[in-house]
Amino acid sequence: MSSQLKRYNSENILNKIIITYLLVVFPILLFSQETKMVLQEMDKQPVPELNYDFISPDSIQIDTTVIDSVPKAIIEAPIIYNAEDSIIVSFDGQKVYLYNQAKVTYQNIELTAYFIELDLETKQIYAEGILDSAETLVQKPIFKQGSEEYESETMRYNFETGKAFITKVVSEQGEGRILSDRTKKIGKDVFITEKAMYSTCDADHPHFYLHLSKAKVVGNDKIITGPAYLVLEDFPIYFPFIPFGYFPNSPTYSSGILVPTYGEEQNRGFFLRDGGYYWAASEYFDLAVRGDMYSKGSWGTKLHTNYRKRYKFSGGLDFKYAMNIYGEQGLDTYNRSPQFQVTWSHSQDAKANPNRTFSASVNFSTSGYDKQNSLSAQNYLRTQKSSSISYTRKFENTPFNMSMNVRHSQNSSDTTLSLSLPEMTFSMAKVYPFRKKKRSGTLKFYEKFGVNYTGNIKNTITAKEYEILDQAFPQDWKNGIKHNIPISFPSFNLAKFINVSPSIGYNEKWYFNEKNYSYHKDETFLDPFGRESNVKIDTITGLNRVYDYSYSLSTSTNIYGMYLPLNPNSKIKGIRHKFTPSASFSYRPDFGQEKFGYWQALEDSNGVVKYYDVNAGGVYGGSPGRGASGAISLSLNNNVEMKVLDTKDTTKTDAEQKFKKVKIIDNLSFATSYNLIADSLNLTAISMRARTTISGVSINMGGVLDPYEVDENYRKIHKYVWNERKGMQKLGRLTRANLSFGMSFKSKKGEKESDNNKEIIEEVNLLQGEYDDYIDFNIPWDFGFDYSVNYSGPSNSAPNGRVTQTLGFRGNINLTEKWRISMNSNFDIMAQEFSFTTFNVNRDLHCWSMAFNFVPFGYMKSYSFTINAKSSMLKDLKLQKKQSHYDNF
């Protein structure tokens, strides 16, 4: 009723009604034997409360038979109502009319609207909104019951039956909304609608929706529809026509069918992917089984489960198996390629146990799985995988820790697989054996003496993927035990500024076999690398101890240099140079001596004696090196900074704070060492590193200078370069060098400016109308590039050396707030070809999204164009056209 009981405009009429009510109706209601209204004192509670309990008068004896014949009250709780404008009660007291911000509350039901009519006799309530000056309906009825909320134009509700009739209702159902012309509420959370719209778009008028001729909605459960069709931007699309529909709408996860995605590939044909069943087993775990089918015979299956126990642990497990079939059976091109992948992640809650943890991160697959089944460029280009299963234990109130690991790594490009099964580490944190438990005063010199220990047990194997199951234990596996005991002595200062730190290191390895070498002039054998040799290698089992030790003494200090400009008005306050020299001496005995037994000498037919390592190929490496070493190591590190006036800072008042630090050289370092005991090639190569930033460009460079010449086979000989060469080459023979730098550019428009522009646009729209064609030319964008060049010196394979240069660039541009274009590419300058390159265009369509992805060349050459609804519930509502990269094979 368009204000079915309009508000009386005349105050005289309103006064007459109030007087009539007070003189006639009120006394009748007050002394009625069937009903008595319990009125609240107006000055104590402004909101009236209606109570429908039957109350017998005190002065009149009531026949109990009459009382028993009176029907029981239907309304079980007080009805509380109020309104901002006015509250009008009818002559018979059975109807109440509420105007402007009207509100009625009954039990867990709340109804608000501009106008509400409360009929106490029929137990019904009616509500509607009102048109404002712009002809917009405002203060619409909003009905709340528990967690459910509905908005409509009009509503009629019955307190007794719980049923309602609603027009133009809007209700939230999971991720979507239902907008219905006419709706009947036939039970708790059960509705029947006619001419309804279902959409996940949150606009007042949805950009797209499913037109439902009839539907039944069961709140927090499901939506069942009759014939339906899609409407996009008010344009009906009758094909495909939906004869019926079922939409799960449960706030909690539940079991159900997983609808597959569809498409086409040139090599494998038409497909249905990821169809299956989801089982919501319990609150502790679930299970999803999916399958893939291709029209040319390929198929696959996938299993996924999540598990979780609150405050204990959580994780997920995936198993995928794919059988890819290429070509026609009976032809040479026919190929069957079975592949599988296992991934597992497990984590323990930090509160479960502070001293014991168990975690897992497993990613294992056959080498061809990603190449043949990946749906993303990142997975397709990945060649390295690794896994780790770890258990750690901390022994409380002790310095001891223990960990056990199972590790895996693989290279899918050459099918190499490495397993560590198991690996165990036992460690002891540094202890100070001469330190008193209860001490006073400063520490004595000997109390600073400390020692720690690390023990490791490892059992590993490296083989080709197709050979791993044929390897025998323990013959083909590498195993051993390693002990490491570093002993640290207290450091001290020499001449106050030079820090000196002595230390001793002891390592011991236990192997369970060793090699024995014998020379046979007339026989040939294969060495571990598959090459022919006259040396036969036999393996002798038994415990084999391999130990080594060393002594070292290191020193370091810092030297500062300052430059202060003479002009007090200079923008440069000062330049500081930090110079950090360090030196160390280390000694290691000659473990090639016969008494150690680590190296075996063999003389060939030419009388040449060669030495062979009896522990070659050990899991912790071979034997300690031959020849004693007494090396002096030197390194120099430089850092240069400048303090300049910050002319952009206008907020600070203190003159000292207006200066800022600028790094001129982040780091410039040199390092080398000299072996005092070696009979030749005493000096090691000189390594150089430099890093700086110039005008936002980060520059990194490095190089290695070898001080010795080489022979015709590029083997080093004991001749210094500076004795044989001239000019810059006297500095050393450049064996390696690298240079890299990169820079990024971006628009100055920040988030704050974007927000300010939006506010200005909104103000213009309010003053002058809508400006949909407005374009902000201050477009946010960013662009960056990286360049690197690497040089490696002459060798047998590259007599003139080898140079590689790569240029990488990337960029993003937002044409408008909803349009975004991005690209990423790399260019090999020496090979004159591009590597993996992508172009992407994205458009935000509010409740939809559009994406165009293009790889123009290479093994991943492909394109895809997709328009799809954003909601995960409607993930299959999409338009897609693509060419898969699998079609390139």
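Aromatic pairs make a convenient way into this predicted model, and their count comes to 31. One of them joins Y99 and F115, whose rings are tilted, with 5.2 Å from centre to centre and 50° between the planes. Y99 belongs to strand β4 (residues 95-106) and F115 to strand β5 (residues 109-119), so this pair ties together parts that are 16 residues apart in sequence. Both Y99 and F115 are buried.

Another tilted pair is made by F340 and F364, with 5.9 Å between the ring centres and 50° between the planes. F340 is in strand β26 (residues 335-348) and F364 in strand β27 (residues 356-365), so here the parts tied together are 24 residues apart in sequence. How buried or exposed is F340? Its relative accessibility is 26%, and since buried means under 20% and exposed over 50%, F340 counts as partly exposed. F364 is likewise partly exposed, at a relative accessible area of 25%.

Aromatic residues also gather in a group: Y547, Y549, Y551, Y587, F591, F596 and Y598 form one cluster. Two of the tyrosine rings elsewhere in the chain meet an arginine. The charged end of R435 sits over the ring of Y432, 3.9 Å from its centre. R626, in turn, lies over the face of Y611, at 3.8 Å from the ring centre.

Turning to the chain as a whole, there are six helices and 56 strands. Of the 889 residues, 31% are buried. Among contacts with a separation of 6 or more, 49% are between residues 24 or more positions apart.

In soluble globular proteins, nonpolar side chains tend to be buried together. In this model, the largest nonpolar core has 42 residues, and I116, L118, I125 and F208 are those with the most contacts inside it. A second, separate core has seven residues, including V546, F591, Y598 and V619. F591 and Y598 were met above as members of the aromatic cluster. What does F208 touch, leaving aside its neighbours within four places in sequence? Its contacts include S199, T200 and C201, then L230, V231 and L232, and further along the chain C847, W848, A869, L874 and L877.

F208 also falls within the range of strand β15 (residues 208-218), which runs antiparallel to β16 and is joined to it by four bridges. Within this pairing, V217 has I223 of β16 as its bridge partner. The hairpin of β15 and β16 has three residues between the strands, and N220 takes a positive phi near 55° there. On its other pairing, β16 is joined by four bridges to strand β19 (residues 245-248), again in an antiparallel arrangement. K222 stands opposite P248 in β19.

Which side chains of β16 (residues 222-225) are buried? The side chains alternate along the strand: I223 and T225 point to one face and are buried, whereas K222 and I224 point to the other and are not.

A last stop is K302, found in strand β24 (residues 299-309). The side chain of K302 makes a polar contact of 2.8 Å with the side chain of D274. Not counting residues up to four places away in sequence, K302 touches D274 along with A288, V289, R290, D292, F319 and K320.

Note on methods: Residues numbered from 1 in each chain as written. Predicted model: local features only at pLDDT ≥ 70, side-chain atom pairs only at ≥ 80, totals over all residues. Heavy atoms only, no water. Helix = DSSP H or I, 4+ residues; strand = E, 2+ residues; numbered from the N terminus. Polar contact = N/O pair within 3.5 Å; in protein donor to acceptor, adjacent residues only side chain to side chain. Contact = heavy atoms within 4.5 Å. Core = buried A, V, L, I, M, F, W, Y, C linked by side-chain atoms within 4.5 Å. Buried < 20%, exposed > 50% of the residue type's maximum accessible area, 1.4 Å probe, protein only. Pairing = 2+ DSSP bridges. Phe/Tyr/Trp six-rings, centres within 6.5 Å; stacked < 30°, edge-to-face > 60°. Lys NZ or Arg CZ within 6 Å of the ring centre and 35° of its normal.
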